[in-house]
Amino acid sequence: MSADFSQDHFALFQLPRRFRLDNAALDSAWRTAAAAAHPDRFAAAGDAEKRVALMQATRINEAYQTLKSPLARARYLLQLAGVDTAEETNTSMPPAFLMAQMEWRENIEDARHGKDVAALETLTRQLRGDVKALEDELAAVLDDAPDHAIAALLVRKLRFLEKLDQEIGDAIEALLY
Amino acid sequence: MALLQIAEPGLSAAPHQHRLAVGIDLGTTNSLVATVRSGSAVVLPDEQGRNLLPSVVRYAPDGSTVVGYAAQAEQSRDATNTIVSAKRFMGRGLADLQDVGRSPYRFVDAPGMVQLVTRAGTKSPVEVSADILRTLKTRAEASLGGDLVGAVITVPAYFDDAQRQATKDAARLAGLNVLRLLNEPTAAAIAYGLDNGAEGTYVVYDLGGGTFDVSVLALSRGVFEVLATSGDSSLGGDDFDHRIYCWVLEQANLHGLTAQDTRLLLTRAREAKEALSEHATTRITALLSDGLTVDLELAQATFHDISRTLLDKTLLPVRKALRDAKITIDDVKGVVMVGGATRMPQVQKAVGDFFGRPPLTNLDPDKVVALGAAIQADVLAGNKGGEDWLLLDVIPLSLGIETMGGLAEKIIPRNSTIPVARAQEFTTFKDGQTAMSIHVLQGERELVADCRSLAKFVLRGIPPMVAGAARIRVTFQVDADGLLSVTARELTSGVEASIEVKPSYGLSDDEISRMLTESMTHVQEDINARKLREAIVDAESLIAAIHAALEVDGDLLAAEERAELDGALIGLHTAIATQVTREVNAATQRLNQISEPFAARRMDRNIQRALKGKNIGAL
């Protein structure tokens with residue numbers, strides 16, 4: 001009907017389909033593709049071309065957002081492999097992970113009550129360290145020795161951490177502004 | 001319809017013909033129109049050589065509409081019929097306006113947007129803005145000697161969907177073809193960046209008459225990428241005037257002023273503010289209607305004290321934008337100052353102190369937005385510019401929908417690059433449910449009540465099924481103007497229901513054309529002849545564009561597809577021969593539809609070629 005939307009996001013940007021990604025290459029491919037399809041290039045064109053440009057530019061931005069975020073990228077790779085990460089339904093987590101979660105929450109709560117922005121920022125840094133470690137684990141089970149079940153669990157864990165990051169960000173914003 | 005000629009990328013249809021396009025800065029206090037002439041952007045002055053057009057509209061007793069300096073001169077004498085700062089009311093309901101008390105106007109609440117009662121009848125802020133735009137359009141056409149193909153109109157980056165839609169409606173009402181709504185700080189960055197060959201991360205601090213915007217942009221190799229934007233759509237230079245006005249009331253112990261006296265003192269306050277940008281002290285004198293004289297001296301230091309909280313208020317969005325862009329002050333290579341209000345020394349000092357470097361003020365803060373808009377308009381109109389550059393802008397506020405318990409769920413987060421779309425699936429809650437109501441919101445807050453309501457619509461005709469079986473996909477699409485459209489589809493029943501939602505505050509196409517017709521003095525035959533002429537111009541442009549495309553990429557079509565396209569081309573030629581507008585439009589639409597897959601394949605090819613780094617010239 002319209003553009004070739006069967007192409008996956010990696011193919012769209014002519015990048016290898018894997019978790020470890022050259023961010024600079026992604027940025028550059030996105031800019032090139034976005035420049036080619038941006039509606040500004042078709043402001044003086046016919047309706048059909050304008051519609052196609054809007055759809056293509058939208059899709060290019062969506063693909064970029066998906067590949068740029070490690071969590072979204074991992075989820076997408078699993079989805080391409082036919083694996084459902086079951087983030088809404090599968091909430092069972094290893095007890096040690098759950099304990100760590102509770103600790104994080106307590107620390108955030110304490111910092112929030114104490115209106116301690118510096119403490120919240122330290123928590124963000126620590127959390128990002130944990131996120132980085134999870135991403136390295138994900139790379140191993142997605143790129144090196146594929147194990148979809150473990151990868152799906154890691155995606156669920158990563159999602160928990162992203163939510164924490166968001167909560168800390170909201171708390172900082174609420175204190176600052 | 002638009003009298004746009006279709007230029008194939010790279011193939012200029014008429015290389016010697018420069019298409020007349022303008023950039024318009026529709027400001028709270030002043031508006032400007034600019035164009036690109038002989039390769040450089042210039043502001044178009046009026047017959048007296050004045051660049052600015054005060055954004056003031058007076059509905060005079062003789063039935064005429066007066067815009068600009070002449071209207072401004074009467075604003076104290078005829079306050080209720082002389083509308084200033086109409087931009088503050090765009091897309092706003094009465095409940096949104098915190099400062100109704102300080103306006104001399106008679107407001108009426110209307111669905112979606114407040115209206116003002118004047119001697120010329122009830123006017124919506126859209127109509128008032130259209131009067132300003134019409135004046136600028138006339139100025140531009142007189143100065144350029146021809147009809148405009150279109151205009152880029154700037155809006156504060158922090159304008160929400162309602163305010164953007166209202167601006168676009170005003171332009172349509174003024175008979176302008178809107179090539180693009182462009183964010184003001186982005187426009188400033190274009191003018192500044194192209195002028196200075198800037199590279200790196202820049203902050204644009206834009207304090208206008210009634211709005212405050214801040215954008216963080218990354219400039220690299222001709223790409224202007226907006227990383228984050230924030231602001232306050234009801235904070236501006238007017239508020240500084242108001243601080244002085246309040247100080248005068250306090251010092252002179254004044255109460256219960258008439259609308260006329262309020263207007264007079266606000267004007268004196270504005271003059272004092274401007275004087276204090278140059279001098280250490282200024283005198284404020286006024287003769288009030290009851291014979292009382294106000295005579296006060298205001299020192300710069302006092303002004304700084306009474307306006308300090310306003311400055312602090314601008315720094316919050318600055319912090320927020322830096323945080324959203326994930327950068328720190330050290331990453332910022334320069335701060336560009338935009339808007340007349342940034343002339344105030346205390347504003348420059350506060351910004352300089354915050355960033356630890358003096359802000360950049362080498363472009364006229366009043367003109368820079370209009371100049372950037374003109375450069376963008378020139379490119380969009382198809383006049384090939386010297387530089388090849390691209391603008392990647394973002395949506396300023398998150399879009400979401402109402403979920404259970406009056407909570408807002410975000411669908412598209414703020415600062416997403418536009419155009420952007422997200423689809424969300426919903427299902428039914430009860431057995432046999434055939435309708436579903438969807439409430440679209442914009443804002444960052446968790447509660448529906450704290451967000452702006454953009455549209456409420458009911459999706460009907462869902463086939464009766466058990467609860468949870470229906471699958472309704474709602475798609476939110478934000479286009480390159482930052483405007484939202486929502487479509488909904490039921491996926492399980494073989495038949496797909498699809499609806500297009502226009503947010504409730506927007507004027508419908510019918511309303512626009514009714515208002516246009518009412519404002520036109522032409523007789524009906526003229527209008528019909530004009531419509532036919534426009535339809536034929538559109539049709540012929542499309543035919544030319546498709547022929548050009550076939551020449552380059554004809555190999556993308558299979559024989560039967562080519563035959564179908566040729567058939568539609570012949571159909572359009574036949575329709576043009578009938579000289580019936582309806583036939584021509586229908587055949588144009590058919591050809592557009594049939595050529596869409598071809599256009600899509602061509603674009604795919606172009607993207608892939610661009611990525612392979614081949615020089616295809618066309619893009």
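In chain B, five strands make up an open sheet of mixed pairing, in the order β18-β13-β14-β15-β19, where two strands are taken to pair if DSSP finds at least two bridges between them. The edges are held by β18 (334-338) and β19 (390-392) of chain B, each with a single partner strand, so that one side of each is left without a neighbour in the sheet. On average, neighbouring strands of this sheet are turned by 25° against each other, direction ignored, the axes being lines fitted to C-alpha atoms (for helices over the stretch in contact), with angles that run from 0 to 180 degrees between N-to-C directions. Helices (H or I, at least four residues) and strands (E, at least two) are DSSP runs, numbered from the N terminus.

This is a predicted model, in which local features need pLDDT of at least 70 and side-chain atom pairs count only at pLDDT 80 or more, whereas totals for chains, interfaces and linings use all residues. Residues are numbered from 1 along each chain as its sequence is written, while chains are lettered from A and ligands numbered from 1 in the order in which they are written.

**Confidence**

The model scores ipTM 0.84 and pTM 0.83. Chain A has an average pLDDT (the predictor's confidence in each residue, from 0 to 100) of 90, with 96% of the residues at a score of at least 70. Within chain A, confidence is lowest in helix α7 (residues 148-176), with a mean of 90, and highest in helix α4 (residues 70-80), at 96. For chain B the mean pLDDT is 86, and 89% of its residues reach 70 or more. Residues 1-16 of chain B stay under a pLDDT of 50, and the model has 37 contacts for them beyond four places in sequence, a contact being a pair of residues whose C-beta atoms, placed from the backbone, lie within 7 Å. The pLDDT is also below 50 over residues 614-619 of chain B, a stretch with 12 contacts in the model beyond near neighbours in sequence.

**Strand pairs and a helix of chain B**

Within the five-strand sheet, β14 (residues 212-220) and β15 (residues 223-232) of chain B run antiparallel and are joined by nine bridges; B:S215 has B:T229 in β15(B) as its bridge partner. A further antiparallel pair is made by β20 (residues 399-403) of chain B and β21(B), which five bridges join, with B:G400 standing opposite B:K410 in β21(B). These two strands, β20(B) and β21(B), form a hairpin with three residues between them, and B:G405 in the turn has a positive phi of about 80°.

Helix α2 (residues 125-144) of chain B has 20 residues and reaches 28 Å from its first C-alpha to its last, close to the 28 Å expected at 1.5 Å a residue, where the expected span is 1.5 Å times one less than the number of residues. B:G145, just after α2(B), takes a positive phi of about 70°.

**The contact between the chains**

In the model, 39 residues of chain B are in contact with 35 residues of chain A. On the chain B side, two or more residues come from each of β12 (178-183), α7 (300-324), β19, β22 (420-426), α11 (524-553) and α13 (581-611), and α13(B) gives the most, with 12 residues. By class, this side has 26 nonpolar, seven polar and six charged residues; Ala, Val, Leu, Ile, Met, Phe, Trp, Tyr, Cys and Pro count as nonpolar, Asp, Glu, Lys and Arg as charged, and the others, Gly among them, as polar.

**Individual residues**

The loop between β21 (407-412) and β22 of chain B holds B:S416, which is in contact with B:V394 and B:I395 when its neighbours within four places in sequence are left aside. The C-alpha atoms of B:S416 and B:R343 are separated by 32 Å, at 73 residues apart along the chain. B:P419 also has its place in the loop between β21 and β22 of chain B, and the peptide bond from B:I418 to B:P419 is cis, with omega near 0°.

A positive phi in a residue that is not a glycine is found at A:K115, with about 50°, in the loop between α5 (95-113) and α6 (117-144) of chain A. B:S38 likewise has a positive phi, near 45°, and is found in the loop between β2 (30-37) and β3 (40-43) of chain B.

The table gives neighbour counts, for which a residue is buried if 20 or more other C-beta atoms, placed from the backbone, lie within 10 Å of its own, exposed if 12 or fewer, and partly exposed in between.

| Residue | C-beta neighbours inside 10 Å | Class |
|---|---|---|
| B:S416 | 18 neighbours | partly exposed |
| A:K115 | 11 neighbours | exposed |
| B:A559 | 7 neighbours | exposed |
| B:S38 | 6 neighbours | exposed |

Of these, B:A559 is found in helix α12 (residues 559-578) of chain B, and B:A559 and B:E74 are 69 Å apart in space, C-alpha to C-alpha, and 485 residues apart in sequence.

Conventions. Contact = placed C-beta atoms within 7 Å.
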